[in-house]
Structures are given as C-alpha cells and as structure tokens.
Amino acid sequence: MNEEMKAKVSALLEAVVAADDGIRPEERDFVRRAATRWKLPEPDAPLSLRNLGTATTVLRELATDAQARVLALLVGAAAVDGNLDPREHALLLAASAALGIDATALEDRLQRQLKAPAAL
C-alpha cells in the first residue's frame, strides 16, 4: 500500500472512532496499535471523511486486496470499546455496501467483535 493510501486508511480509522463525537482511551489505543502494525501516518481525519459518501469513496479507491482488510480494521476500531454508536454503525454499513459486502456478514462480524473485541 502506498503512502497516500496509508494516509487514507489512517483517516478512515480516525473517522470511525470519532464518529460518535468522542474517542475513548481504548479506541485511541486501538488506533495507535493499528498505526504501528500497518505503518500508518498519524491519524488526521477531516470532518469531511465522517461523511458517508466521502468515506465510501475513499474505501473504493483502495486496492481490491486491501478493501476487506481495511473494513475489518474499521469494524475492530468501532467495536473495541464494547459499544457501537449508531453513527459508527451507519458508517460501517455504508462502507460494506460500497465494497459489495453483505450487510448480514457485517452484522455477524460486528456482533462477534462486540462480544470479544480484537486486541489487534
């Protein structure tokens, strides 16, 4: 993944955890671990990325082989605090639809993540 795409993934990650207008410590820790693992730049999510249309456009711009992995990362970020805000949920549903991922599959993954948040 090139640096431009890494910056977009970082911004998407930040947009998901900030979708509920607050970032909890466990979400911030998740973002830091993800940034280290994926070698992402410092998260910087402009408010425009919190717009569903913009976020889904960015996801579709990712390489096909990265799209599902990035969506899984976003699911983990949204679920890490054990709570799924409706705005986080809406962003994830829009993202999965944009990538052609069945909503039922997304819901199943979300429920698993909420029961046992990933350590990343």
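Which residue forms a salt bridge with Arg87, the closest N and O atoms being 2.9 Å apart? In this predicted model, the partner is Asp85. That pair is a handy place to start, and the charged contacts come up first below.

Asp85 turns out to be a buried residue, with 13% relative accessibility. Arg87, on the other hand, counts as partly exposed at 39%. Arg87 also forms a salt bridge with Asp21, and here the closest N and O atoms are 2.7 Å apart. Arg87 sits in helix 5 while Asp21 sits in the loop between helix 1 and helix 2, so this salt bridge ties together parts that are 66 residues apart in sequence. Asp21 is out in the open, since its relative accessible area is 61% and the cut-off for exposed is over 50%.

Asp21 has something else going on. Its phi is positive, at about 65 degrees, even though the residue is not a glycine. The loop that holds Asp21 runs between helix 1 (3-18) and helix 2 (25-38). Lys39 does a similar trick: this residue is not a glycine either, yet has a positive phi of about 55 degrees. Lys39 is found in the loop between helix 2 and helix 3 (52-61), and is exposed, at 59% relative accessibility.

Back to the charges: how many salt bridges does a search of the whole structure find? The count is 8. One of them joins the side chains of Lys6 and Glu3, with 3.7 Å from N to O. Why are Lys6 and Glu3 separated by about one helical turn? Both belong to helix 1, and they are 3 residues apart there. Their surroundings differ in how open they are: Lys6 is buried, with a relative accessible area of 13%, whereas Glu3 is exposed at 55%. Salt bridges can also link up into a network, as they do for Glu4, Lys8 and Glu61.

Next comes helix 1 itself. The 16 residues of helix 1 should span 22 Å at 1.5 Å a residue, and the end C-alpha atoms are indeed 22 Å apart. Most of helix 1 is covered up, with 13 of its 16 residues buried. At the N-terminal end, Asn2 acts as a cap: a side-chain oxygen of Asn2 lies 3.0 Å from the backbone nitrogen of Glu4.

So what fills the inside? In soluble globular proteins, nonpolar side chains tend to be buried together. The largest nonpolar core of this model has 30 residues. Leu13, Leu59, Val70, Leu74 and Leu92 are the ones with the most contacts inside this core. Which elements give two or more residues to the core? They are helix 1, helix 2, helix 3, helix 4, helix 5 and helix 6. Helix 4 supplies the largest share, 7 residues. Leu13 gives a good feel for the packing. Leaving aside residues up to four places away in sequence, Leu13 touches Phe30, Val31, Ala34, Leu40, Leu73, Leu74 and Ala77.

Helix 6 is the last stop. With 13 residues (103-115), helix 6 reaches 18 Å from its first C-alpha to its last, close to the 18 Å expected at 1.5 Å a residue. Which residues of helix 6 are buried? Those are Leu106, Leu110 and Gln113. Seen down the helix axis, the buried residues of helix 6 fall within an arc of 65 degrees, so they line one face of the helix. That buried side packs against helix 4 (64-79) and helix 5 (86-98). Turn to the face pointing away from the buried side, and the exposed residues Arg112 and Lys115 come into view. The start of helix 6 has a contact of its own, where a side-chain oxygen of Asp102 reaches to within 3.1 Å of the backbone nitrogen of Thr104.

Notes: Residues are numbered from 1 along each chain as its sequence is written. This is a predicted model: local features need pLDDT of at least 70, side-chain atom pairs count only at pLDDT 80 or more; totals for chains, interfaces and linings use all residues. Side-chain values use heavy atoms; hydrogens and water are left out. Helices (H or I, at least four residues) and strands (E, at least two) are DSSP runs, numbered from the N terminus. The expected span of a helix is 1.5 Å times one less than its number of residues. Buried means under 20% relative accessible area, exposed over 50%, partly exposed in between (1.4 Å probe, protein chains only). The arc is that of the directions from the helix axis to the C-beta atoms. Contact means heavy atoms within 4.5 Å. A polar contact is a pair of N or O atoms within 3.5 Å; within protein, one must be able to donate a hydrogen and the other to accept it, and residues adjacent in sequence count only if both atoms are side-chain atoms. A nonpolar core is a set of buried Ala, Val, Leu, Ile, Met, Phe, Trp, Tyr and Cys residues joined through side-chain atoms within 4.5 Å. A salt bridge is a side-chain nitrogen of Lys or Arg within 4 Å of a carboxyl oxygen of Asp or Glu.
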